[in-house]
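Biologist: Could you take a close look at the sheet for me, and walk through how the strands are arranged and what the charged side chains around them are doing?

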Amino acid sequence: MKSVLQRNANNIFGSITRRCYHTVYQGRTSTIYALATSAGKSSVAIIRISGPSTRSIIQKMTNREKWTPRKAVLTNISDPSSLEILDKGMVLWFPGPASYTGEDCAELHVHGSLSVIHDTLSSLSSFSDARLALPGEFTRRAFENGKMDLTEVEGLADLLDAQTSAQRHLALSQMQGSLARMYEEWRTEIIKCM
């Protein structure tokens, strides 16, 4: 049986998801965003943004023009249309290609109340060039931009599903390229035999 908090989280995030999924999929060049931490009440929630409009979005939501790569900045995060302050949180800027996806990325570290998360995601949905990411889309973009190979992507999926220390250890090893190195060694040996 779901708690009231879980039902409220599902209702809040479900409405944003439905609204964003009903918009036309704008293709790989669109800027995407998503809650990177678990939905529901927590001390901190991380919202990740990736794509060509990332920098302009964080500039509009924070009223800051200059960003130092990979430096956390404590700043007000506001709704760009109403200028209402949604929260005071940490914002990190990761210019491409030196980011997880290989594109310009940012992370908004906000307080994890349902209201702050909902209102921040709603503000992001107001940008015409941004949309809610599909499940796994950040990793897909990392793969498409050569930041991860397929074995590393599979390792990440296994790591997220790991329930034991042994599973975690194997998945982390695969995510760090052990399987890719083994396959490359086999490939080299096969070519030598030809």
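Modeller: Sure. In this predicted model, the sheet is an open one with 6 strands, and going across it you read β3-β4-β5-β2-β1-β6, with mixed pairing. The edges are taken by β3 (73-78) and β6 (130-132), each of which has a pairing partner on one side only. From one strand to the next the twist averages 30°. Helix α4 (residues 137-144) packs on this sheet, where it touches β1 (31-35), β2 (42-50) and the edge strand β6. If you compare directions, that of α4 makes about 135° with that of β1.

Now zoom in on one pairing. Strand β4 (residues 85-94) runs antiparallel to strand β5 (residues 105-112), and the two share 5 bridges. For a landmark you can click on, find Trp93: across from it, in β5, stands Ala106.

Next, the charges. Side chains of opposite charge can pair when their charged atoms come close. There are 7 salt bridges in the structure, and one of them sits right in the sheet: Arg48 pairs with Glu107, with 3.3 Å between the closest N and O atoms. Arg48 belongs to strand β2 and Glu107 to strand β5, so this pair ties together parts of the chain that are 59 residues apart in sequence. How covered are the two ends? Arg48 has 24% relative accessibility, so it counts as partly exposed. Glu107 comes out at 14%, and the cut-off for buried is under 20%, so Glu107 is buried.

Over where β6 and α4 are, have a look at Arg131 and Glu137. Their side chains meet in a salt bridge at 2.5 Å, N to O. Here both partners are under cover: Arg131 is buried at 5% relative accessible area, and Glu137 is buried as well, at 6%. This pair also belongs to something wider, since Glu103, Arg131, Glu137 and Arg141 are linked in a network of salt bridges. If you're setting up a view, put those four residues in one selection.

For contrast, go to helix α7 (residues 178-193), where Lys192 and Glu189 are 3 residues apart, which means about one helical turn separates them. Their side chains also meet in a salt bridge, with an N to O distance of 3.8 Å. The cover is another story: Lys192 is exposed, with a relative accessible area of 61%, while Glu189 is partly exposed at 44%.

To put the sheet back in its setting, the chain has 7 helices along with 6 strands. Following the sequence, the elements come in the pattern α-β-β-α-β-β-β-α-β-α-α-α-α. Of its 194 residues, 39% count as buried. If you take the contacts between residues at least 6 apart in sequence, 57% of them join residues at least 24 apart. On the outside, the chain exposes about 11,300 Å², and carbon and sulfur atoms supply 57% of that area.

Technical notes. Residues are numbered from 1 along each chain as its sequence is written. This is a predicted model: local features need pLDDT of at least 70, side-chain atom pairs count only at pLDDT 80 or more; totals for chains, interfaces and linings use all residues. Side-chain values use heavy atoms; hydrogens and water are left out. Two strands pair if DSSP finds at least two bridges between them. Helices (H or I, at least four residues) and strands (E, at least two) are DSSP runs, numbered from the N terminus. Axes are lines fitted to C-alpha atoms, for helices over the stretch in contact, and angles run from 0 to 180 degrees between N-to-C directions. Contact means heavy atoms within 4.5 Å. Buried means under 20% relative accessible area, exposed over 50%, partly exposed in between (1.4 Å probe, protein chains only). Accessible areas come from the Shrake-Rupley method with a 1.4 Å probe; for residues, only the protein chains shown count as cover.
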